[in-house]
Amino acid sequence: MERSFDIIVIGGGHSGSEAAHAAAKLGHKTLLITNNIDQIASMPCNPAIGGPAKSHLVKEIDALGGIMGLAADATYLQMKTLNSSKGPAVRALRAQSDKREYATWVRQYLEATENLTIYQASAQSLIIENNKAIGVVTKLDEKILAKAVVLTAGTFLEGRIFSGDKFESAGRAGEQPSLELSPKLQNLGLRTGRLKTGTPPRIDKTTIDFSNLELAPGDNQLEWFSFLPHRPVRQQYPCHITRTNEKTHEIIMANLEKSPMYSGLVQASGPRYCPSIEDKVVRFDKNPSHHFFLEMESLSSNEIYLQGCSTSLPIEVQWQIVHSLPGLENAVITRPAYAVEYDYFPAIQFKHNLESKIISGLFVAGQVLGTSGYEEAAAQGLIAGINAAHFVNDKEPFVLDRSSSYIGTLVDDLVTKEINDPYRMLTSRSEYRLILRQDNADTRLTPIGRELGLVNDYRWHCFQAKQKRIETELQYLKSVRVPVTKVNKDLEKQKHEPISYKSGAKILLADLLRRADFDYKYLNLTALVDKEDKEHKRLAEKGIHVDGLAYGYELDTMLKYDGYIERQSLQIEDMKKFEKIKIPEGFDFKACELISLEARDKLDKVRPQSIGQASRVGGVSPNDLSVLSMIVKTKS
Ligand SMILES: Cc1cc2nc3c(=O)[nH]c(=O)nc-3n(C[C@H](O)[C@H](O)[C@H](O)COP(=O)(O)OP(=O)(O)OC[C@H]3O[C@@H](n4cnc5c(N)ncnc54)[C@H](O)[C@@H]3O)c2cc1C
């Protein structure tokens with residue numbers, strides 16, 4: 001039996017789900033092949049979406065018409081805005097999710113997506129013709145043809161899981177690895193490396209004594225990932241906190257050499273920003289305690305995720321660690337912690353559209369491209385799905401630049417820098433943090449999503465209504481003055497310092513918001529604004545009425561930081577000039593003798609397509625760059 005599709009996506013994790021959805025939504029007959037349909041969008045590690053920088057990715061995925069934000073809003077157990085007292089650039093939303101409900105929600109969403117077929121099978125090899133991916137062969141020897149293939153195999157390629165000195169081949173605990181694909185792709189010239197990651201033990205809720213544990217509740221004032229209105233409001237569940245102590249650290253230190261990372265059994269690098277508990281105890285030896293969050297995994301199970309306690313120590317040591325923790329003295333482990341080591345493809349072998357540089361029509365995304373995290377995987381999946389669709393249609397590659405989004409920053413970092421440990425998104429990775437905020441992801445990206453064909457009429461209508469309202473509110477704030485005496489009354493009520501003023505002085509509402517000590521939450525417009533005021537009347541005649549700010553936080557940020565935002569916008573303009581200087585295809589970097597040997601090597605490996613991209617390749621100095629620009633300009 002031979003079947004044929006436009007696009008085949010291998011792997012139904014977070015990456016594959018977004019890729020398949022995007023490709024199908026763009027009108028292509030798409031097949032999602034995955035090892036186990038019941039594991040679509042499963043969360044093998046933390047039952048949570050979002051958090052610092054990751055929430056930016058989720059909101060960007062949503063703004064472009066992807067699914068992760070909708071799924072997180074529909075299935076949360078707790079919503080919390082992190083860093084709310086810090087600046088707008090680092091403010092981040094985190095949802096603790098019901099992982100079972102989340103996976104079911106995504107699966108049902110995909111099942112209801114037009115043009116998308118889901119098939120449970122294991123991809124064994126790719127069909128390649130003239131260096132072009134034209135299909136997949138499954139373990140049952142079925143040949144399925146396609147015009148493009150997206151590979152999102154997660155931790156499954158040559159996957160091996162470890163607890164102490166016990167190890168077995170597996171994609172993750174209880175799931176078969178994928179043992180054929182990686183060697184076959186190596187034979188085709190793709191380079192692989194090894195990475196590892198780990199997960200903590202899960203605990204039976206009924207065996208934990210919560211009575212003395214610190215409570216960590218969600219927010220009262222809910223925020224959401226999706227920019228669409230009418231999200232379901234659900235009950236919020238608190239989580240709890242326990243802490244390691246001297247006994248825990250003694251147990252870990254006494255058993256350190258039993259950890260496969262310390263015994264040398266596992267050599268691969270793990271996620272730098274998600275270290276195992278044994279790593280934390282060794283690296284931060286001055287720290288007498290580390291906290292663990294106890295998070296519910298699902299309303300339909302008793303399992304608790306012990307966030308912060310990722311380990312690959314042997315199971316008997318895991319029991320000792322767990323029993324040393326306050327509240328967990330009699331706790332029962334339901335699933336042991338483990339580490340997984342797997343093959344990945346260093347991303348510098350791929351272009352900015354995530355297509356292989358040597359096999360055309362092969363797109364790769366997610367953990368298998370060297371990242372860590374559901375959100376990073378989903379973001380790349382979306383880009384790979386869109387680009388596979390563009391490839392099939394013979395359209396220009398779709399590339400988001402760094403100044404547009406964290407998604408653009410993620411992809412650019414991956415394909416221009418040699419990355420040796422699982423890449424996790426951080427706000428510090430962006431040079432345009434004040435512009436790339438989570439609150440304005442829709443302003444930055446929904447018009448792009450609309451142009452691509454991923455944003456439907458309903459979302460577009462909601463977006464336009466929001467933009468209009470923001471414009472109206474901004475115009476209002478920039479036109480209406482209120483007496484300082486009235487403002488001071490409000491400030492007094494909030495127990496804040498009054499504003500010093502000359503008698504009879506009025507202040508522009510926008511200037512009020514520009515003040516560092518004044519927050520949009522104090523802006524009680526109904527009390528402040530005199531309806532008989534000339535400016536108010538003039539605006540009312542033009543149909544501009546504002547009784548309260550619907551988008552206070554965004555406006556507050558726009559006004560408070562407008563100087564910085566303008567400066568970053570100028571920087572972006574400058575950067576775009578360099579992006580526009582294209583390096584011809586096939587350019588011989590090795591022949592540029594005036595450039596340092598290291599830079600020539602790195603440039604040849606990465607093969608940047610513009611001077612802008614070349615400037616971000618590690619090991620390329622400003623001098624190398626100016627020489628390269630000169631050579632490129634004289635040759636073009
Ligand atoms: C042990 C462990 C620890 C983790 N630790 C962290 C962490 O510390 N921090 C963090 O942020 N995230 C962590 N993660 C989360 C996680 O792996 C990813 O970041 C995320 O799930 C990656 O999404 P993905 O879509 O790329 O891959 P996955 O979610 O792994 O999905 C891959 C999918 O591809 C399928 N597949 C693979 N090969 C084939 C094939 N040949 N044919 C058909 N289907 C195939 C699999 O069945 C699976 O459904 C951890 C995961 C594991 C397993």
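Which residue has a polar side-chain atom that lies 3.1 Å from an oxygen atom of the ligand? In this predicted model, that residue is Asn35, whose polar side-chain atom lies at this distance from a ligand oxygen. Two further side chains are placed in a comparable manner: an N or O atom in the side chain of Thr197 is 2.8 Å from a nitrogen atom of the ligand, and an N or O atom in the side chain of Gln367 is 2.4 Å from an oxygen atom of the ligand. Taken alone, the ligand exposes 960 Å², of which the protein buries 98%. The elements that contribute two or more residues to the surrounding shell are α1 (14-25), β3 (30-34), β14 (193-199), β21 (338-344) and α10 (374-392), and β14, with three residues, gives the most.

Around the ligand there are 35 residues, of which Ala123, Ser178, Thr197, Gln367 and Gly373 come nearest. When sorted by class, this shell comprises 14 nonpolar, 19 polar and two charged residues.

The model also contains an open sheet of three strands, arranged in the order β4-β6-β5 with antiparallel pairing. Its edge strands, each of which pairs on one side only, are β4 (48-50) and β5 (76-82), and from one strand to the next the twist averages 15 degrees. Strand β4 runs antiparallel to β6 (residues 92-97) and is joined to that strand by three bridges, with Gly50 standing opposite Arg94 in β6. Helix α2 (residues 54-63) packs on this sheet, where the helix touches both β4 and β6, and the direction of α2 makes about 80 degrees with that of β4.

Conventions
Residues are numbered from 1 along each chain as its sequence is written. This is a predicted model: local features need pLDDT of at least 70, side-chain atom pairs count only at pLDDT 80 or more; totals for chains, interfaces and linings use all residues. Side-chain values use heavy atoms; hydrogens and water are left out. A residue is near a molecule or strand if one of its heavy atoms lies within 4 Å of it. A polar contact is a pair of N or O atoms within 3.5 Å; within protein, one must be able to donate a hydrogen and the other to accept it, and residues adjacent in sequence count only if both atoms are side-chain atoms. Accessible areas come from the Shrake-Rupley method with a 1.4 Å probe; for residues, only the protein chains shown count as cover. Helices (H or I, at least four residues) and strands (E, at least two) are DSSP runs, numbered from the N terminus. Ala, Val, Leu, Ile, Met, Phe, Trp, Tyr, Cys and Pro count as nonpolar, Asp, Glu, Lys and Arg as charged, and the others, Gly among them, as polar. Two strands pair if DSSP finds at least two bridges between them. Axes are lines fitted to C-alpha atoms, for helices over the stretch in contact, and angles run from 0 to 180 degrees between N-to-C directions. Contact means heavy atoms within 4.5 Å.
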